[in-house]
Amino acid sequence: MSSIETVKCLIIGSGPAGYTAAIYASRANLQPVLYTGMEMGGQLTQTTDVENFPGYPDGIQGPEMMEHFRAQAERMGTDIRFGIATKVDFSGTLHKVWIDDSIEIHAHSVIIATGASAKWLGLPSEKRLNGHGVSACAVCDGFFYRGKNVAIVGAGDTACEEALYLANLCPEVHMIVRRDEMRASKVMQDRVLNTANIKIYWNSETEEVIGADSVEGIKIKNNQTGEVTTIAVDGFFVAIGHTPNSGVFKPYINMDEQGYIQTQAGSAKTNVKGVFACGDVQDSIYRQAVTAAGSGCMAAIDAERYLGVLLHS
Ligand code: NDP
């Protein structure tokens, strides 16, 4: 029988929120154990230039920045492990978390920093060709489409950023926008609109991704005129937002209808004592690396204060 490990502070997730919580929790002598989740380093590992994180006057690559976060947490003494939280039981004072359905950890405090994941359109053809020309990350996979034509769906900052990235690699970028305007910030929209090889299809929705074993094209429908157009492309990128990675906590933790964890105003406290949340899993508004890091700091300080009372009373 495997032994059960008891820890003061368990951190779940390895984006800016999780690693910042780890740095603070380590320095406060909470001896945190951090499980990274599937995507070590979180969403920023799928980004190129980060120009808005203070302290990097020349900007930095996302994966390199996350390597700095990890190294700092490790140097402070965080026990960083690879694994995914697959089940929890937050019904008692000691919180139980199962990693990879096998390892059982008992934690006096838990910091949830599991972030958010890309959304998909939900088309059968999109699912079938995922990894064979369909991708949710232009920065990760764009390279494979160098010199080829691609399409991207979405109209937020991510879609604009990825369309611009692809426009540097591909002769034609076809951007599918479901309304007659974009949600993205003005500066990003202007950049897209002023890029000659990005063609925008307004009021258009993707009906099908065409191709047997790899993407050969897409079929889009204009939702005003009903006109259906087929565009020949080799790659199809989906950039329509994210879903918080909170499903495993649902039986115990209060969330909004989209699954974002609700924290008490001005704190990282959830509805369960000793369980705290930080980063994108509890933030549907700002979703920035710097706000995630800030909330990670809050979660560690809240955990430290909670443990101070719990373990010394
Ligand atoms: P958003 O939620 O901002 O945008 C999602 C986009 O996808 C919207 O245009 C939406 O259309 C569209 N969409 C959603 N569902 C569908 C669908 N089924 N079919 C077609 N289109 C669909 O997500 P982002 O990932 O772009 O951005 C998330 C947050 O991160 C934002 O706050 C953004 O500002 C920020 N961000 C900032 C960056 C920066 O500052 N450099 C870079 C990237 C992101 P509709 O508008 O019609 O709802």
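# Exercises on strand pairing, domains and the ligand shell

M175 stands opposite I200 in β13. The exercises below concern a predicted model.

**Exercise 1.** Determine which strand pairs with β13, and where β13 stands in its sheet.

*Solution.*
- Step 1. Begin with the partner: β12, which covers residues 173-176, pairs with β13 in the parallel sense, over four bridges. The facing residues M175 and I200, the latter in β13, have been named above.
- Step 2. Place this pair in the whole sheet, which is open and has five strands in the order β10-β17-β11-β12-β13, with parallel pairing.
- Step 3. Read off the ends of that order. β10 (134-135) and β13 (198-201) are the edge strands; each has a single partner strand, and therefore one side of each has no neighbour in the sheet.

**Exercise 2.** Describe the order and pairing of the sheet that contains β14, and state which strands stand at its edges.

*Solution.*
- Step 1. Three strands make up this open sheet; their order is β14-β15-β16 and their pairing is antiparallel.
- Step 2. The edges are held by β14 (204-210) and β16 (228-232), and because each has a single partner strand, one side of each lacks a neighbour in the sheet.
- Step 3. From one strand to the next, the twist averages 25°.
- Step 4. For the pairing in detail, take β15 (residues 217-222), which is joined to β16 by five bridges in the antiparallel sense. Here I220 has T229 of β16 as its bridge partner.

**Exercise 3.** State how the chain is divided into domains, and which domains contribute to the shell around the ligand.

*Solution.*
- Step 1. Domain 1 comprises 3-117 + 242-310, while domain 2 comprises 120-238.
- Step 2. The C-alpha centres of these two domains are 32 Å apart.
- Step 3. Each of domain 1 and domain 2 supplies at least three residues to the shell around the ligand.

**Exercise 4.** Characterise the surroundings of the ligand: how many residues surround the ligand, and which are the closest?

*Solution.*
- Step 1. The ligand is surrounded by 17 residues, the closest being D157, T158, R178, R179 and R183.
- Step 2. Sort the shell by character: five residues are nonpolar, six polar and six charged.
- Step 3. Identify the main contributor: helix α5 (residues 157-167) gives the most to the shell, namely three residues.
- Step 4. Examine individual atom pairs. An oxygen atom of the ligand lies 2.6 Å from a polar side-chain atom of T158. In the side chain of E161, an N or O atom is 3.2 Å from a nitrogen atom of the ligand. For R183, a side-chain N or O atom is 2.6 Å from an oxygen atom of the ligand.
- Step 5. Conclude with the covered area: the ligand taken alone exposes 910 Å², of which the protein buries 76%.

Note on methods. Residues are numbered from 1 along each chain as its sequence is written. This is a predicted model: local features need pLDDT of at least 70, side-chain atom pairs count only at pLDDT 80 or more; totals for chains, interfaces and linings use all residues. Side-chain values use heavy atoms; hydrogens and water are left out. Domain bounds come from an automatic or database domain assignment. A residue is near a molecule or strand if one of its heavy atoms lies within 4 Å of it. A polar contact is a pair of N or O atoms within 3.5 Å; within protein, one must be able to donate a hydrogen and the other to accept it, and residues adjacent in sequence count only if both atoms are side-chain atoms. Accessible areas come from the Shrake-Rupley method with a 1.4 Å probe; for residues, only the protein chains shown count as cover. Helices (H or I, at least four residues) and strands (E, at least two) are DSSP runs, numbered from the N terminus. Ala, Val, Leu, Ile, Met, Phe, Trp, Tyr, Cys and Pro count as nonpolar, Asp, Glu, Lys and Arg as charged, and the others, Gly among them, as polar. Two strands pair if DSSP finds at least two bridges between them. Axes are lines fitted to C-alpha atoms, for helices over the stretch in contact, and angles run from 0 to 180 degrees between N-to-C directions.
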